[in-house]
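Got the viewer open? Let's take a short walk through the model together, one selection at a time.

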Amino acid sequence: MADTLTRDKDGVLSLGGVSLPDLAARYGTPLYLMDVATVTARLQAWTDAVEPPNEVYFAGKAFLCRALIPILQKAGVGLDVVSGGELLTALSAGMDPARITFHGNLKTTSEMRLALASGVGRVVADSDEELTRWDRLAADAGRTVEVWLRLTPGVDPHTHRYITTGHVKSKFGWPLEGGAAEAAVGRALELPHVRLTGYHAHIGSQILESKPYVEAAEHMLAFARAMHQRYRFWPRYLDLGGGLGIPVAGQTGPTPRELTEAFTALVRGGTPDGEQVPVWAVEPGRSVVAEAGLTLYRVGVVKRAGDGTVYVVVDGGMGDNIRPALYEARYRAEPVRSPAGEPGIVTIAGRYCESGDLLVEDVAVPALEPDDLLVVLDTGAYGYAMASQYNRVPVPAVVAVENGTSSVWVEGPRWDEVHARDKTVSWPS
Ligand code: LLP
């Protein structure tokens, strides 16, 4: 939960010292809210847990807009991007390209050229085809490119199958087993415009245990030692990815420090005599921004279905938060003004034309009525980032709060923006 979310003596919620009814009146609903103090505190938990020269890269796919960049820079963390759009967002806001890592299992040629032209620090290659293309494009640009190889360590992180990435069937990276990763190392070492400096693994997301990370690190180090024997190549970097979850509904999970405690010893212990201990890196996304974000909605309708289910229908839903429908993700909802009356069991439904557009199912909340405000907590990661214009409903604005003031991070919404790029086509009669 956001650190600054409080209820005043009249039972009204505020975030960052700003009352939520005031924010709704000023900016409208639905509205994404980001609590700057919580983002800063979560970043610091990571930077405290990761001692230099080891590195923290924030995974921009969890939440990114230009206003976040100065906060990342102030915290001294780098950025992981996966598209030209994320890269341009960061560069346009003044992010040091040397602190950017470029990921993704499909990078287009124009995105690769942009990365080379802008001086991105490292690229994480995902396939043989991509390695060849980096070599060719770097040659065209008259330079070399620093590359890490994305490896699939074959561990099960015990999370939803849609957000598992390090298992043997993964579409990402090279599997450690079977010779593909070994061949990729050999190839990367041969390519004249590619400078191989590291290995990368990301095993999944919303992970609440340390063990799969330790296992992945062990597999990576064993592979690195095998490649050291085979090619005399020892990595300068070992990136263990992101994925640390936030505990939901009674779950518990490690803190960044508890997670990373083992890494330094593991990496040192896995380094062959005479070689330099690799710098290890992590790429947290969700654990930095999830709890900092809330979505503020207005109740439009309250109705009872044939089976007695009470639906509280709000003015947003799967367009601004696809996670319940896509991953069966569970959220907590709170009325903005604590109403009198006994809690009843209701389902918070969205406005989109889809039965699965349910934000929170079977939750106990005091009676809510049309026009009441409601917040869904912990929506800061993969909410705005995965928003869509389904049903041609525009994406809500993002407003940040800090020390009693609010500022717009992302403008919106304008109803006409949903057709702004449409062409009028006249058909021959
Ligand atoms: N690094 C890499 C290479 C990644 O692919 C990801 C996430 C991260 C770091 C950050 O992971 P995090 O710390 O945020 O778990 N849309 C899904 C999550 C997909 C994660 C994709 N990769 C969701 O809403 O649960």
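We'll begin at the ligand and finish at a helix. Keep in mind as you go that this is a predicted model.

**Stop 1: the two domains.** Colour domain 1 (6-34 + 293-418) and domain 2 (36-289) separately. Both of them give residues to the shell around the ligand, so the ligand lies between them.

**Stop 2: the shell.** Now select the residues around the ligand: there are 19, and Ser205, Glu283, Arg323, Tyr327 and Tyr382 come nearest. Try colouring the shell by residue type, and you'll get six nonpolar, seven polar and six charged residues.

**Stop 3: polar contacts.** Which side chains should you look at here? Start with Arg323, where a side-chain N or O atom sits 2.5 Å from an oxygen atom of the ligand. Next pick Arg286: an N or O atom of its side chain is 2.8 Å from a ligand oxygen. Then go to Tyr327, whose side chain has an N or O atom 2.8 Å from a nitrogen atom of the ligand. Switch on a surface and see how much of the ligand is left showing: the protein covers 91% of the 580 Å² of accessible area that the ligand has on its own.

**Stop 4: helix α5.** Leave the ligand and select residues 109-118, which form α5. Show the side chains of Glu111, Met112, Ala115, Leu116 and Ser118, which are buried. What do the buried residues of α5 pack against? Add α4 (84-92), β7 (100-102), α6 (128-140) and β9 (145-152) to your selection, and you have their partners. Last, click on Gly119, which follows α5 and has a positive phi, near 75°.

Note on methods. Residues numbered from 1 in each chain as written. Predicted model: local features only at pLDDT ≥ 70, side-chain atom pairs only at ≥ 80, totals over all residues. Heavy atoms only, no water. Near = heavy atom within 4 Å. Polar contact = N/O pair within 3.5 Å; in protein donor to acceptor, adjacent residues only side chain to side chain. Areas by Shrake-Rupley, 256 points an atom, 1.4 Å probe, with all protein chains shown as cover. Nonpolar A, V, L, I, M, F, W, Y, C, P; charged D, E, K, R; others polar. Domains from an automatic or database assignment. Buried < 20%, exposed > 50% of the residue type's maximum accessible area, 1.4 Å probe, protein only. Helix = DSSP H or I, 4+ residues; strand = E, 2+ residues; numbered from the N terminus. Contact = heavy atoms within 4.5 Å.
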